[in-house]
Amino acid sequence: MEEVPVTKITIEISGVKRDVTVPSSWNDLSLRSLLLFYETMFTTPGDEFTQSAFTMVKLLSMAQYMLKLDNAALASWEADCISNAAADPDALVSGEDAFLDELHQVLHATISGLFIIEKTESGATTYALKYNRTVNPYPSLHYTPKAEKGTRKMAKTQVLYAPGDSLGNITIYELGYTFTLFETYLETQDESFADTLMAVLYRPSRPLTRKEKDSNWSGDRRMPLRGYEAKIIERSKMMKTLDPMCRRVIMFWFASCRHAIVSAHPKVFSSAGSDNQKEIGYGWGGVLLSIAGGPAHLNEVADQHYSNALTWLSMKADQNQ
């Protein structure tokens with residue numbers, strides 16, 4: 001069982017104590033901190049989905065930021081440890097070693113909500129990113145096309161809206177569509193699949209009418225995906241113009257949402273050799289056809305919330321055991 005991250009720690013330096021609240025997950029970070037930490041950790045495309053170990057220097061810089069500890073404070077902390085060790089004739093370790101041990105403990109307590117911390121058989125410590133940023137960092141994107149040549153008229157800014165936190169308002173059709181794009185992106189590392197994925201996620205608003213406002217857009221403000229797939233290519237060109245860090249944080253958010261959904265439905269995604277896996281082997285189209293009982297009712301199933309379909313598949317897996 002994964003340890004529950006520490007959320008509050010007490011630091012004492014030169015006799016002064018203070019309590020510090022640390023993030024229990026990436027969800028607790030502000031957008032500014034999220035961007036800062038993500039830029040600190042990754043510098044090349046794709047690393048966040050493959051890298052399992054990070055340098056102690058980067059981790060320490062993140063911890064210092066969260067704990068509001070500058071280098072002078074660290075020096076005072078180390079001096080306290082050295083002084084305490086010198087004053088204790090029974091001290092088993094040097095002051096320097098005591099400082100490093102305390103620093104290690106505080107570091108782990110500070111970042112445990114953001115990273116999986118494990119000991120290897122050789123005694124080394126590894127740090128892997130936790131995919132737990134399910135709060136959408138960018139609920140909407142604003143895009144202003146460049147003015148056409150030969151005209152001074154400014155193009156109208158377009159607003160594209162994202163699905164809700166945790167992908168909580170998407171259909172089974174959209175889930176299959178986006179999961180397939182993401183898995184292809186991981187396999188190929190082709191950024192065009194990331195562009196297409198974001199173009200599927202971010203869509204224009206449905207028409208602003210009284211009915212839509214009164215119903216709060218029925219839970220999803222975006223134009224439907226199914227039936228409007230031809231517009232994806234146009235939006236994917238917009239996505240190429242996004243700031244690189246914005247793009248990567250959106251992909252991290254989607255990866256976290258996907259991880260949460262997969263973890264919540266292990267019988268659907270991890271039942272090797274089951275009938276569910278055979279259906280997924282035909283792609284998500286095969287899953288939809290199976291649930292619909294054939295093409296006749298495919299449209300009815302495709303537009304349902306994804307949780308209905310995954311619950312049905314989980315029930316079917318139980319029946320096949």
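Two strands are taken as paired if DSSP finds at least two bridges between them. In this predicted model, strand S1 (residues 8-13) and strand S2 (residues 16-21) meet that condition, pairing in the antiparallel sense over six bridges. Within this pair, Glu 12 has Lys 17 of S2 as its bridge partner. The two strands form a hairpin with two residues between them, and Ser 14 in the turn has a positive phi of about 55°.

A further antiparallel pair consists of strand S3 (residues 115-119) and strand S4 (residues 125-129), which are joined over five bridges. Here Phe 115 is bridged to Leu 129 in S4. The hairpin of S3 and S4 has five residues between the strands, and among the residues of this hairpin Gly 123 takes a positive phi near 95°.

Helix H9 comprises 21 residues (residues 244-264). At 1.5 Å a residue the expected span is 30 Å, which agrees with the separation of 30 Å between its end C-alpha atoms. At the start of H9, the backbone nitrogen of Met 245 lies within 3.0 Å of a side-chain oxygen of Asp 243.

Helix H5 (residues 172-188) packs against H9 at an angle of about 115°, and the two axes are 11 Å apart. The crossing of H5 and H9 is left-handed. On the H5 side, the contact is made by Leu 175, Thr 178, Phe 179, Phe 182, Glu 183 and Tyr 185. H9 contributes Met 251, Phe 254, Ala 255, Arg 258, Ile 261 and Val 262. Residues three or four places apart in an α-helix point the same way, because there are 3.6 residues a turn.

Confidence varies along the protein chain, for which the mean pLDDT is 83, with 82% of residues at 70 or more. Among its elements, helix H6 (residues 191-201) has the highest mean pLDDT, 96, and helix H11 (residues 275-281) the lowest, 42. Over residues 271-282 pLDDT stays under 50, and the model has 20 contacts beyond four places in sequence for this stretch. Where pLDDT is low, the predicted coordinates should not be read in detail.

Conventions:
Residues numbered from 1 in each chain as written. Predicted model: local features only at pLDDT ≥ 70, side-chain atom pairs only at ≥ 80, totals over all residues. Heavy atoms only, no water. Helix = DSSP H or I, 4+ residues; strand = E, 2+ residues; numbered from the N terminus. Expected span 1.5 Å × (residues − 1). Polar contact = N/O pair within 3.5 Å; in protein donor to acceptor, adjacent residues only side chain to side chain. pLDDT = per-residue confidence, 0-100. Contact = heavy atoms within 4.5 Å. Axes fitted to C-alpha atoms, helices over the stretch in contact; angles between N-to-C directions. Left-handed = near helix turned anticlockwise from the far one by under 90°.
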